[in-house]
Amino acid sequence: MTDGDHSTTPPGVTRRALLAGTATVPLAPILCDRSTDTAADPIATLYRDWRQADAEAGHWCREWGKLESALARSVGFPRVAISLSSSTAPTWVTTHEDIDHALADKPDLEVLRESLHAELAARTARWDAEATAIGLAEADRQEALAFERREALAFQAFALSADDLAGVL
């Protein structure tokens, strides 16, 4: 004996789909960035401000990345290679502490240590000078400010109480 319920075709619209579609209708003006009565719903203004701050943060993030890429191509990253006879490939280090750590148990390589420290200091100075010339620090500052603004707006939005169905969802 077969059960007739298993052979019927399910309807195209389910109750869950209908409720989900109906519940998002109040959000449509906000999500589509259409103007709404922002005095009645303060979250709409915060959301638009947050989207603007998010776009600005993304812009500065991309700008900083472009500047750093150009800097790396022009002067290279501030690093030095330590080649020891015990290893087949050189070890790349980026800090003076890394140099001291890599050569800690080799007091006979003091001349190499001093040479590596001097080379790293020169490469770091060249990186810093070029970074200042192309405005990397300013892009980094603008990026940080944009992310701080975006975060502050998000905290403000989460602190608001919901006034309508759109605010609840």
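This report describes the fold, the nonpolar cores, the salt bridges and the aromatic contacts of one protein chain.

**Overall architecture**

The structure is a predicted model, and everything below is computed from its atoms. The chain has 169 residues, of which 18% count as buried. Its secondary structure comes to seven helices and two strands, and these elements follow the order α-α-α-β-β-α-α-α-α along the sequence. Among contacts with a sequence separation of 6 or more, 60% are made by residues 24 or more positions apart. The chain exposes about 11900 Å², and carbon and sulfur atoms supply 58% of that area.

**The nonpolar cores**

Which residues make up the largest nonpolar core? It consists of eight residues, namely Val 80, Ile 82, Leu 84, Val 93, Ile 99, Leu 103, Leu 116 and Leu 120. Two elements, strand β1 (80-82) and helix α5 (110-134), each give two or more residues to this core. Apart from it lies another core, of seven residues, including Leu 67, Trp 127, Ala 131 and Leu 136.

Two members of the largest core show how its surroundings are arranged. Once neighbours within four places in sequence are left aside, Val 80 is in contact with Thr 91, Trp 92, Val 93, Ile 99, Leu 116, Glu 119, Leu 120 and Arg 123. Val 93 is placed in strand β2 (residues 91-93) and, at 4% relative accessibility, counts as buried because the cut-off for that class is under 20%. With the same exclusion of neighbours within four places, Val 93 is in contact with Arg 79, Val 80, Ile 82, Asp 98 and Ile 99. The C-alpha atoms of Val 93 and Arg 79 are 5.5 Å apart in space, although these residues are 14 residues apart in sequence.

**Salt bridges**

The structure holds six salt bridges, and three of the pairs are set out in the table with the N to O distance of each.

| Pair | N to O distance | Relative accessibility |
|---|---|---|
| Arg 150 and Asp 54 | 2.7 Å | Arg 150 25%, Asp 54 27% |
| Glu 119 and Arg 123 | 2.9 Å | Glu 119 31%, Arg 123 37% |
| Arg 141 and Glu 138 | 3.0 Å | Arg 141 43%, Glu 138 37% |

The pair of Arg 150 and Asp 54 links distant parts of the chain, since Arg 150 belongs to helix α6 (residues 136-159) and Asp 54 to helix α3 (residues 42-75), with their positions 96 residues apart in sequence. Arg 150 is partly exposed, and Asp 54 is partly exposed as well.

Glu 119 and Arg 123 both lie in helix α5, where they are four residues apart, about one turn of the helix. Glu 119 counts as partly exposed, as does Arg 123, and both residues are also among the contacts of Val 80.

What separates Arg 141 from Glu 138 in helix α6? Because they are three residues apart in that helix, the separation is about one helical turn. Arg 141 is partly exposed, and Glu 138 counts as partly exposed too. Elsewhere, salt bridges that share partners join Asp 100, Glu 110 and Arg 113 into one network.

**Aromatic contacts**

A search of the whole structure finds one aromatic pair. Its rings belong to Phe 77 and Trp 127, with centres 5.5 Å apart and planes at 25°, so the pair is stacked, the cut-off for that class being under 30 degrees. The pair links distant parts of the chain, with Phe 77 in the loop between α3 and β1 and Trp 127 in helix α5, 50 residues apart.

Are the two partners of this pair buried or partly exposed? Phe 77, at 44% relative accessibility, counts as partly exposed, whereas Trp 127, at 11%, counts as buried. Trp 127 is also one of the members of the seven-residue core.

A ring and a charge meet at another place in the chain: the charged end of Arg 79 sits over the ring of Trp 92, at 3.9 Å from the ring centre. Each of these two residues also contacts a member of the largest core, with Arg 79 touching Val 93 and Trp 92 touching Val 80.

Note on methods:
Residues numbered from 1 in each chain as written. Predicted model: local features only at pLDDT ≥ 70, side-chain atom pairs only at ≥ 80, totals over all residues. Heavy atoms only, no water. Core = buried A, V, L, I, M, F, W, Y, C linked by side-chain atoms within 4.5 Å. Buried < 20%, exposed > 50% of the residue type's maximum accessible area, 1.4 Å probe, protein only. Contact = heavy atoms within 4.5 Å. Salt bridge = Lys/Arg side-chain N within 4 Å of Asp/Glu carboxyl O. Areas by Shrake-Rupley, 256 points an atom, 1.4 Å probe, with all protein chains shown as cover. Phe/Tyr/Trp six-rings, centres within 6.5 Å; stacked < 30°, edge-to-face > 60°. Lys NZ or Arg CZ within 6 Å of the ring centre and 35° of its normal.
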